[in-house]
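Let's take a walk through this protein together. Have the sequence and the 3D view open, and follow along at your own pace.

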Amino acid sequence: MNEKCICMLGRFDRECHLQYDPCKHIMCQNQGICIPLDIRASPFMYACICNQEYFDNLCQYSSAKAFSTVTKSIQNQLHMTSFSQIPLVTVYFVDISNNIAIPAIRDHFVYTKISFGSDIIAISNRQMYLSSFIFVQIYFNTKDLYGHYYLIGLLKLPMKLIKTSTLTSHRYPHIGELLNSTIMSYVYLKRIKFYYKLCYITGMKCFYDEIYMCLCDNEALVENPGKNPAGLPLKVPRESRYGIPRDFFRIPKGLSRDYVKS
């Protein structure tokens with residue numbers, strides 16, 4: 001019976017006499033660590049283990065990052081002065097494309113017990129550029145299913161880094177705060193016909209109703225003042241890419257509401 005040697009990693013030959021070190025001439029960048037791989041089980045001879053902020057075969061690319069300072073001003077805006085911390089914060093990275101009807105959530109990050117005045121750092125793992133739409137969702141209690149929304153970025157061009165603050169002016173208002181009671185009493189399909197007018201409000205970026213989150217393209221208003229602006233809900237085919245179903249943004253599945261209570 002022929003005997004076969006099973007060699008340890010880094011050795012080969014019939015009796016494991018020969019050595020090889022594929023990492024000897026490999027320089028992983030940005031403090032990445034090279035480890036040899038078993039060439040019998042992998043088509044690659046090595047792998048660079050990168051830290052969270054870098055990626056690719058040599059850790060040569062930096063992952064896109066979003067920094068946001070949670071300002072104390074929102075504490076007064078939401079009448080939560082009794083809270084020294086925000087129990088639960090979720091940051092969403094959403095990709096908006098002309099080619100798909102429903103925007104895609106690229107990633108989301110959950111943070112607990114965030115102090116006012118502190119920074120939230122969200123790293124889009126293995127992505128060179130940030131999503132075009134980034135926002136935070138803040139929860140103080142379990143009574144509000146969707147919490148409070150604040151815009152971090154609505155990006156027109158590819159960006160690798162954004163630094164901003166969660167300000168009172170970045171809050172998305174509910175549609176009931178913007179339309180009068182007469183319009184709010186209309187049936188839904190009639191009511192949404194008035195939504196585009198809200199995008200004429202100076203500084204308006206986002207708002208939401210019981211079904212959709214709507215985005216405004218304020219640059220389009222300046223360039224084409226005679227046309228309907230973007231910012232219509234998903235049910236309106238012409239600008240469907242600017243409407244996002246709010247069911248996407250409930251408390252993440254598997255996350256206990258005890259986080260919000262504590």
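**A guided tour**

On the surface, Ile33, Ile35 and Ile49 come together as a nonpolar patch, with a combined accessible area of about 260 Å². Take Ile33 as a way in: it is found in strand 3, and with a relative accessibility of 54% it counts as exposed. Before we go on, keep in mind that this is a predicted model.

Now for the sheets. Strands of a sheet pair through backbone hydrogen bonds, and they can do so in parallel or antiparallel fashion. One open sheet here is made of three strands, ordered 10-7-13, with mixed pairing. Its edges are strand 10 (119-124) and strand 13 (161-166), each of which pairs on one side only. On average, neighbouring strands in this sheet are turned by 15° against each other, direction ignored. If you look at strand 7 (residues 64-70), you'll find six bridges to strand 13, and these two run parallel. A handy spot to check is Phe67, which stands opposite Lys163 in strand 13.

Another open sheet has four strands, in the order 9-8-11-12, and here the pairing is antiparallel. Strand 9 (104-115) and strand 12 (148-154) sit at the edges with a single partner strand each, so one side of each has no neighbour in the sheet. The twist from one strand to the next averages 20°. Strand 11 (residues 133-139) and strand 12 run antiparallel and are joined by six bridges. Look for Phe133 there, standing opposite Leu154 in strand 12.

Next, the cysteines. How many disulfides does the structure hold? There are five. One of them joins Cys28 to Cys48, with an S to S distance of 1.9 Å. The torsion about this S-S bond of Cys28 and Cys48 is about -80°, so the disulfide is left-handed. Cys28 lies in the loop between strand 2 (18-19) and strand 3 (33-36), while Cys48 is in strand 4 (residues 46-49), so the link ties together parts that are 20 residues apart in sequence. Cys28 and Cys48 are both buried.

Another disulfide is formed by Cys50 and Cys59, with their sulfur atoms 2.0 Å apart. This link of Cys50 and Cys59 is left-handed too, with -90° about the S-S bond. Are its two ends buried or partly exposed? Cys50 is partly exposed because its relative accessibility is 24%, whereas Cys59, at 0%, counts as buried.

Further along the chain, Cys199 and Cys216 form a disulfide with sulfur atoms 2.0 Å apart. The link of Cys199 and Cys216 is left-handed, at -75° about the S-S bond. It connects distant parts of the chain, 17 residues apart: Cys199 is in the loop between helix 4 (195-198) and strand 14 (206-208), and Cys216 is in the loop between strand 15 (212-215) and helix 5 (218-223). Both Cys199 and Cys216 are buried.

If you number the bonded cysteines in sequence order, the pairing reads 1-2, 3-5, 4-6, 7-8, 9-10. Cys206 is in no disulfide, and the nearest cysteine sulfur, that of Cys216, is 7.2 Å away. Cys206 is buried, at 3% relative accessibility. Why does Cys214 have no bond to the closest cysteine sulfur? That sulfur, in Cys216, is 7.9 Å from the sulfur of Cys214, which is too far for a bond. Cys214 is buried as well, with a relative accessible area of 0%.

Last stop: charged side chains. The whole structure has four salt bridges. In one of these, Glu53 and Lys65 meet at 3.9 Å, N to O. Glu53 lies in the loop between strand 4 and strand 5 (54-55) and Lys65 is in strand 7, so parts twelve residues apart in sequence are tied together by this pair. Glu53 is partly exposed at 33%, while Lys65 is buried at 12%.

Glu177 makes a salt bridge with Arg171, their closest N and O atoms being 2.8 Å apart. Glu177 is partly exposed at 47%, and Arg171 is partly exposed at 23%.

Finally, Glu210 and Arg191 meet in a salt bridge at 2.9 Å, N to O. With Glu210 in the loop between strand 14 and strand 15 and Arg191 in helix 3 (residues 188-191), the pair ties together parts 19 residues apart in sequence. Glu210 is partly exposed at 41%, whereas Arg191 is buried at 6%.

Notes
Residues are numbered from 1 along each chain as its sequence is written. This is a predicted model: local features need pLDDT of at least 70, side-chain atom pairs count only at pLDDT 80 or more; totals for chains, interfaces and linings use all residues. Side-chain values use heavy atoms; hydrogens and water are left out. Two strands pair if DSSP finds at least two bridges between them. Axes are lines fitted to C-alpha atoms, for helices over the stretch in contact, and angles run from 0 to 180 degrees between N-to-C directions. A disulfide is a pair of cysteine sulfur atoms within 2.5 Å. Buried means under 20% relative accessible area, exposed over 50%, partly exposed in between (1.4 Å probe, protein chains only). Patches are made of residues with over 30% relative accessible area and no salt bridge: like charges are joined within 9 Å, nonpolar side chains (Val, Leu, Ile, Met, Phe, Trp, Tyr) within 5 Å. Accessible areas come from the Shrake-Rupley method with a 1.4 Å probe; for residues, only the protein chains shown count as cover.
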